[in-house]
Every structure is written in structure tokens, then in C-alpha cells.
Amino acid sequence: MTALTDTYDSVRASAAPTARVPDSAGPSGERLSDEELAAGIVRGDEQCLAAAYHRWGSLIYSLATRALGDPTEAEDVTQQVFLGAWRGRHNYRAERAALPAWLVGIAKKKIVDALSARTRRRCLADAMITAADVPAPPALGDQIIDHVLVQHELARLPAPQREVLCLAFYDDLTHSQIAERTGLALGTVKSHARRGLIRLRHRLRAVPVDQ
């Protein structure tokens, strides 16, 4: 439940100011049928978005976890699914698919995107490791090794965290500037940066000195 709670908090933060997802779906949201929830989301009713998350968030998270094998990536996919549903709500057509089927369809696309991104990260890491085999002047050797290690570990982070840290490290942007460039809420940018730094620090400490 901790993972889903964190993801729900991220959805609430990222949806603002377009919509503020309430802390609870409320009795009225729980009593609505799937069709009524869908209609409410299309109208821009944040209570219906909250109810949809509470009703199907666990399903989406389970699908992503099984497909990706990584709870952290599953959190990101779950967040992207509900944000994508909210932002693309005007494209929903009830005659084509019920709301849960529509959400699962979005989830499948996001999972494919996540798997493709994972493959790209691995290819990038392999290329960097290969580049590290090129002889370098002794004075620059340690710097290049450190750079390659950081790049390698950055490539393993979930895409949102990697993007935020790269913009901070290499473009020297502040959290506010990153939020403006990416369209993410400031709180979400700070959350991605904090989690990314924690993971990066943990992984770099785990790398043997003689590696």
C-alpha cells in the first residue's frame, strides 16, 4: 500500500492546477457506476478521478509490476496512466470501451514505453562501458571512470527521476526552472529529485572501488 499511496500523492501533485485529486473518493464517488465515473472524468470532475484511482489503481499497479518486475517503475507507470487518462479525458468514447478497459489500454502502452526506455538505458550503459575501455591519460583516468559510473547509474533510474536529475546536473536548472520546462508540478519535481538522489547515492556506494 505504501507504493500506491506514494503514487496517489504524485498523481494529486501532478494533476494540479488542472485538477486537485481529493484525499478520499467520498461516499458519492464510491456509489457511482463505472459509466457515471467515466462521464464525470470527461466533464473534469476531480472527485470521479479520485474514485477511479481508488477503484482501479491496484489493478493498474499489479499489471505494471508483473510486466516490469520493478515496483518503482510500476509506481511511475501507474501515475502516468491516471495522469494520461485525466489529460486525455476528452478523447474517451464510452461506446468504444468501458472505463476500466480504457485504463488498462493506457497501461499497456505505458508499460511498452517503460520497457523500451529500459532497453535504451541498457544500450546507453553498454556504450558508456565500451567507451570506458578507450585508453586515457593517467591524470584523467579517475575523472572519466567517475563520469562513466554516474552516467551508468543515472541510466538505471526511472525516466522521470533521470530527466529531473539530468536537467539539474547538466543544464544547471533549479527545481522551479525544471518544473517550467517539463510541465511538472514543483512538488513532483522535488520528489523525483529527492528519490533519484537517494537511489543514485545508494547505488554508487554499492559499486566496488576497484570496479
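I began with two aromatic residues of this predicted model, asking whether they are buried or exposed, and I noted that Tyr53 and Phe82 are both buried.

I then searched the whole structure for aromatic pairs and found 2. For Tyr53 and Phe82, I read a distance of 5.1 Å between the ring centres and an angle of 65° between the planes; planes over 60 degrees apart count as edge-to-face, so I entered this pair as edge-to-face. I also noted that the pair joins distant parts of the chain, since Tyr53 belongs to helix 4 and Phe82 to helix 5, with their positions 29 residues apart.

Next I looked up charges placed over rings. I found the charged end of Arg55 over the ring of Trp56, at 5.5 Å from its centre, and I found Arg89 over the face of Trp86, at 4.1 Å from the ring centre.

Which residues touch the most other members of the largest nonpolar core? I listed Val81, Phe82, Leu99 and Leu103, out of 28 residues in that core. The elements giving it two or more residues are helix 3 (34-43), helix 4 (46-68), helix 5 (71-87) and helix 6 (99-132), and I recorded helix 4 as the one that gives the most, with 10 residues.

I followed Val81 further and, leaving aside neighbours within four places in sequence, found Val81 in contact with Ile60, Leu103, Ile106, Ala107 and Lys110.

Last, I noted a second, separate core of 10 residues, among them Leu157, Leu165, Ala179 and Ala193.

Conventions. Residues are numbered from 1 along each chain as its sequence is written. This is a predicted model: local features need pLDDT of at least 70, side-chain atom pairs count only at pLDDT 80 or more; totals for chains, interfaces and linings use all residues. Side-chain values use heavy atoms; hydrogens and water are left out. A nonpolar core is a set of buried Ala, Val, Leu, Ile, Met, Phe, Trp, Tyr and Cys residues joined through side-chain atoms within 4.5 Å. Buried means under 20% relative accessible area, exposed over 50%, partly exposed in between (1.4 Å probe, protein chains only). Helices (H or I, at least four residues) and strands (E, at least two) are DSSP runs, numbered from the N terminus. Contact means heavy atoms within 4.5 Å. Rings of Phe, Tyr and Trp (its six-membered ring) pair if their centres lie within 6.5 Å; planes under 30 degrees apart count as stacked, over 60 as edge-to-face and the rest as tilted. A charge sits over a ring if NZ of Lys or CZ of Arg is within 6 Å of the ring centre and within 35 degrees of the ring normal.
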